There are 2 protein chains.
Amino acid sequence: MAQENFRELLKKHTLRVTDCRLDVLTLFSSNEKALSFRNLEDNLTKYDRVTLYRTLNSFEESGLVHKIPTDNGAAAYGLCQSTCSTDSHNHDHIHFTCDQCGSVECIESHQVPAVQIPGYLIKEMNFLVSGTCKTCLQSV
Amino acid sequence: MAQENFRELLKKHTLRVTDCRLDVLTLFSSNEKALSFRNLEDNLTKYDRVTLYRTLNSFEESGLVHKIPTDNGAAAYGLCQSTCSTDSHNHDHIHFTCDQCGSVECIESHQVPAVQIPGYLIKEMNFLVSGTCKTCLQSV
DNA sequence: CAATTTATGCAATTACGTTGCAAACGTGAC
DNA sequence: GTCACGTTTGCAACGTAATTGCATAAATTG
């Protein structure tokens with residue numbers, strides 16, 4: 001996605017267009033995997049940590065990215081599909097965490113199966129799968 | 001489960017039998033839901049926080065409890081079934097987090113459906129579901 | 001009960017995330 | 001373009017969560 005599209009994307013979500021936000025979006029789209037806060041911090045050293053935290057938060061609130069809980073506690077963030085909005089999120093895909101390289105991926109090709117639990121009201125689902133990712137398997 | 005069974009359980013996992021470990025196991029079994037670190041700390045004030053951290057870690061390594069990641073980042077711990085060992089874990093059940101009371105439950109009645117992703121090696125699965133739990137729904 | 005290994009408690013440290021505030025920047029109107 | 005407004009940024013400080021090192025205490029084995 002080009003720089004110009006990011007401007008549109010931000011405006012569509014009523015977010016101001018700033019250097020930091022454009023750079024964060026660029027980083028996300030240049031990387032097919034989800035990003036941890038650490039990833040952001042390491043790659044965008046020109047911005048303050050606090051600013052990156054706030055950028056992720058505003059992106060999450062606006063439905064630009066979604067938070068993915070992981071086993072180790074350090075959350076990852078994935079770019080949302082165009083079907084997501086501030087109010088309704090639509091990321092019923094599987095999340096894969098690689099034990100080797102630690103990367104987190106959204107497996108868009110695999111939907112999370114629907115579940116019903118008698119007596120419970122289900123609102124959100126998150127299917128976390130871990131093991132060895134494609135890249136790591138090939139590099140053996 | 002009685003105190004005597006806990007001694008056996010610990011020995012089976014080559015863990016020394018200590019007051020702290022027995023008390024932690026007692027707390028787990030007296031509570032049908034998963035416990036957060038905070039829960040432990042609040043209920044077992046006679047032990048140091050560091051000791052409780054280390055107890056949970058050794059239990060997790062030995063396959064006595066399993067860590068359940070949650071959306072808010074505060075992990076919960078659930079007692080493993082007897083089918084779990086140090087090497088192979090077997091808790092393919094659904095994990096439910098209640099938005100109201102914050103409790104985490106292992107839904108043993110619901111198995112996690114098997115998935116296969118071409119090119120990936122799958123080792124563990126974690127199905128996180130959130131919403132309103134049975135107890136909170138009834139107390140409205 | 002003695003010797004050895006492991007667990008515990010305390011203090012200090014590191015890691016992580018948040019808050020308040022002043023300065024800088026983006027936006028829309030003129 | 002530039003002005004006024006509201007939002008975003010960077011910095012410093014704060015608060016909490018979790019880890020580490022070390023001396024002491026307790027558990028296991030023979």
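**Close-up views of two protein chains on DNA**

**View 1. An N or O atom in the side chain of B:Arg16 lies 2.8 Å from a base oxygen of DNA strand C.** This is a polar contact, meaning a pair of N or O atoms within 3.5 Å; within protein, one atom must be able to donate a hydrogen and the other to accept it, and residues adjacent in sequence count only if both atoms are side-chain atoms. The model you are looking at is predicted, so local features need pLDDT of at least 70, side-chain atom pairs count only at pLDDT 80 or more, and totals for chains, interfaces and linings use all residues, while side-chain values use heavy atoms, with hydrogens and water left out. To find your way, residues are numbered from 1 along each chain as its sequence is written, and chains are lettered from A and ligands numbered from 1 in the order in which they are written.

**View 2. Here are the protein residues around DNA strand C.** There are 16 of them, and A:Tyr53, B:Arg16, B:Arg21, B:Thr51 and B:Arg54 come nearest; a residue counts as near if one of its heavy atoms lies within 4 Å of the strand. B:Arg21 places a polar side-chain atom 2.8 Å from a phosphate oxygen of this strand, and B:Asp48 has a polar backbone atom 3.3 Å from a phosphate oxygen. Sugar or phosphate accounts for 61% of the strand C atoms within 4 Å of the protein, and bases for the rest. The largest share of the surface near strand C, 4 residues, is given by α4(A); helices here are DSSP runs (H or I, at least four residues), numbered from the N terminus.

**View 3. Now turn to DNA strand D.** It is surrounded by 16 residues, the closest being A:Arg16, A:Thr18, A:Thr51, A:Arg54 and B:Tyr53. A base oxygen of strand D is 2.7 Å from a polar side-chain atom of A:Arg54. From chain B, an N or O atom in the side chain of B:Arg16 is 3.1 Å from a base nitrogen, and B:Arg49 has a polar side-chain atom 3.5 Å from a base nitrogen. Two or more residues of the surface near strand D come from each of α2 (19–30) and α4 of chain A and α4 (49–62) of chain B. The largest share, 4 residues, belongs to α4(B).

**View 4. This view follows helix α4 of chain A, residues 49–62.** Its 14 residues reach 20 Å from first C-alpha to last, close to the 20 Å expected at 1.5 Å a residue; the expected span is 1.5 Å times one less than the number of residues. A:Leu52, A:Thr55, A:Leu56, A:Ser58, A:Phe59 and A:Ser62 are buried, that is, under 20% relative accessible area, while exposed means over 50% and partly exposed in between (1.4 Å probe, protein chains only). These buried residues share one side of α4(A) because they cover an arc of only 165° around the axis, taken from the directions from the helix axis to the C-beta atoms. A:Arg54 and A:Glu61 are exposed on the other side. At the N-terminal end, A:Asp48 acts as a cap, with a side-chain oxygen 2.9 Å from the backbone nitrogen of A:Val50. After the helix comes A:Gly63, whose phi is positive, near 80°.

**View 5. Finally, see how the two chains are arranged.** Chain B superposes on chain A by a rotation of 177° with 0.1 Å of shift along its axis (RMSD 0.4 Å), fitted by least squares on the C-alpha atoms of residues with pLDDT of at least 70 in both. The two copies are thus related as by a two-fold rotation axis. B:Phe127 is the chain B residue closest to that axis, at 2.3 Å (C-alpha).
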